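Here are some notes for someone opening this structure for the first time. Have the viewer ready and click along as you read.

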Amino acid sequence: MQTKYNLLRQHFEELFALTDDEWNFVQSHFQYKSLKKHQFLIQAGQAVDFEYWIIKGLVKAYSIDDKGKEHILQFAMEKYWVSDHCAFQHQEPGTIFVDCLEDSEFFCLSLENREKICLEVPAVANFFRIKSNYGYINLQQRILSLLTMTAESRYEYLLNKLPKLIQRVPKKLIASYLGVSRETLSRFNS
């Protein structure tokens, strides 16, 4: 387990160094969780008590519309943070689903514990501020790509930005993420 905590420490220290005392305080506020492929991390309508850092595995975050159509918001893999951020922050029932595409392992952080460690360790507060900014940037890029790029351009962008993801995610899910049919995606690969 210590090896897994070391990965989390390395993740934090990509931005800010932590003393051993600071790290011991920080790590004591995380919980470990593992799920099998197809198990839900978050379900719409249920409480969202944690945000999750992915140690190992792959998840998809999505919503389902009134007609039963799935709309994929994001794929998240190792070293990504994932949650229903609005529900988590406001402590309201979730509005999205997050389920495992592979057997996955997570470190879980409650809102209360995140606030505690941010107050106690300023470097961690800065870490979360920077990570939030990166998240907003990625969200903005995703929205702009949907508004301004062709589906084929979005696919090429995804191939360049996350080539390993394309190898791990079934084509029908990539098509859903891009907002195209499986057949249209097949034409991009020709």
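1. Start with R142, which sits in helix α5. Keep in mind that this is a predicted model. Is R142 buried or exposed? Its relative accessibility is 16%, and the cut-off for buried is under 20%, so R142 counts as buried.

2. What does R142 touch once its neighbours within four places in sequence are set aside? The contacts are I72, L73 and Y177. With I72 there is something specific to look at: the R142 side chain reaches the backbone oxygen of I72 at 2.8 Å. Q74 is worth picking out too, since R142 and Q74 are 68 residues apart in sequence, yet their C-alpha atoms are 9.3 Å apart in space.

3. Stay with α5 and look at how it packs. In general, two packed helices are described by the angle between their axes and the distance between the axes. For helix α4 (residues 111-120) and helix α5 (residues 122-148), the angle is about 120 degrees and the axes are 5 Å apart. An angle from 65 to 115 degrees would count as roughly perpendicular and one over 145 as roughly antiparallel; α4 and α5 are therefore oblique to each other.

4. Which residues make that contact? On the α4 side you'll find R114, I117, C118 and E120, and on the α5 side P122, V124, A125 and F128. Sorted by type, the residues where α4 meets α5 come out as six nonpolar, two charged and no polar.

5. Now for the partner further along the chain, helix α6 (residues 151-161). The axes of α5 and α6 come within 10 Å and cross at roughly 150 degrees. Anything over 145 degrees counts as roughly antiparallel, so that is the label for α5 and α6. The α5 residues in this contact are N138, Q141, S145 and L146, and they meet R154, Y157 and K161 of α6. The mix here is two nonpolar, three polar and two charged residues.

6. Go back to the strand that ends just before α4. S110 belongs to strand β8 (residues 104-110). With a relative accessibility of 14%, S110 counts as buried. Its side chain reaches the backbone nitrogen of N113 at 3.0 Å. Not counting residues up to four places away in sequence, S110 also touches D49, F50 and F88.

7. One annotation is handy for getting your bearings. UniProt, in an unreviewed entry, lists residues 33-118 as "domain: Cyclic nucleotide-binding". In the model, that span is 48% strand and 16% helix, and its end C-alpha atoms lie 22 Å apart. Please treat the domain label as something that comes from the record.

8. Next, find K79 in the loop between β5 (70-77) and β6 (81-82). How accessible is K79? The relative accessible area is 48%, which makes K79 partly exposed. Leaving out residues up to four places away in sequence, K79 touches H11, E14, W53 and I54. For a link back to point 4, compare K79 with F128: they are 49 residues apart in sequence and 14 Å apart in space, C-alpha to C-alpha.

9. A couple of backbone angles deserve a second look. Most residues other than glycine have a negative phi. H38 is not a glycine, but its phi is positive, at about 80 degrees. H38 is found in the loop between β1 (31-35) and β2 (40-42), and with a relative accessible area of 58% it is exposed.

10. Q91 is another case of this kind: it is not a glycine, and its phi is positive, at about 55 degrees. Where is Q91? Look in the loop between α3 (85-90) and β7 (97-100). Q91 has a relative accessible area of 46% and is partly exposed.

11. Last, go to the beginning of the chain. N6 is in helix α1 (residues 2-13), and at 35% relative accessibility N6 counts as partly exposed. To relate α1 to the later part of the chain, try N6 and F127: they are 121 residues apart in sequence, and their C-alpha atoms are 17 Å apart in space.

Conventions: Residues are numbered from 1 along each chain as its sequence is written. This is a predicted model: local features need pLDDT of at least 70, side-chain atom pairs count only at pLDDT 80 or more; totals for chains, interfaces and linings use all residues. Side-chain values use heavy atoms; hydrogens and water are left out. Helices (H or I, at least four residues) and strands (E, at least two) are DSSP runs, numbered from the N terminus. Buried means under 20% relative accessible area, exposed over 50%, partly exposed in between (1.4 Å probe, protein chains only). A polar contact is a pair of N or O atoms within 3.5 Å; within protein, one must be able to donate a hydrogen and the other to accept it, and residues adjacent in sequence count only if both atoms are side-chain atoms. Contact means heavy atoms within 4.5 Å. Axes are lines fitted to C-alpha atoms, for helices over the stretch in contact, and angles run from 0 to 180 degrees between N-to-C directions. Angles under 35 degrees count as roughly parallel, over 145 as roughly antiparallel, 65 to 115 as roughly perpendicular and the rest as oblique. Ala, Val, Leu, Ile, Met, Phe, Trp, Tyr, Cys and Pro count as nonpolar, Asp, Glu, Lys and Arg as charged, and the others, Gly among them, as polar. UniProt positions are given in the numbering used here, feature names are shortened, and annotations may be inferred rather than shown by experiment.
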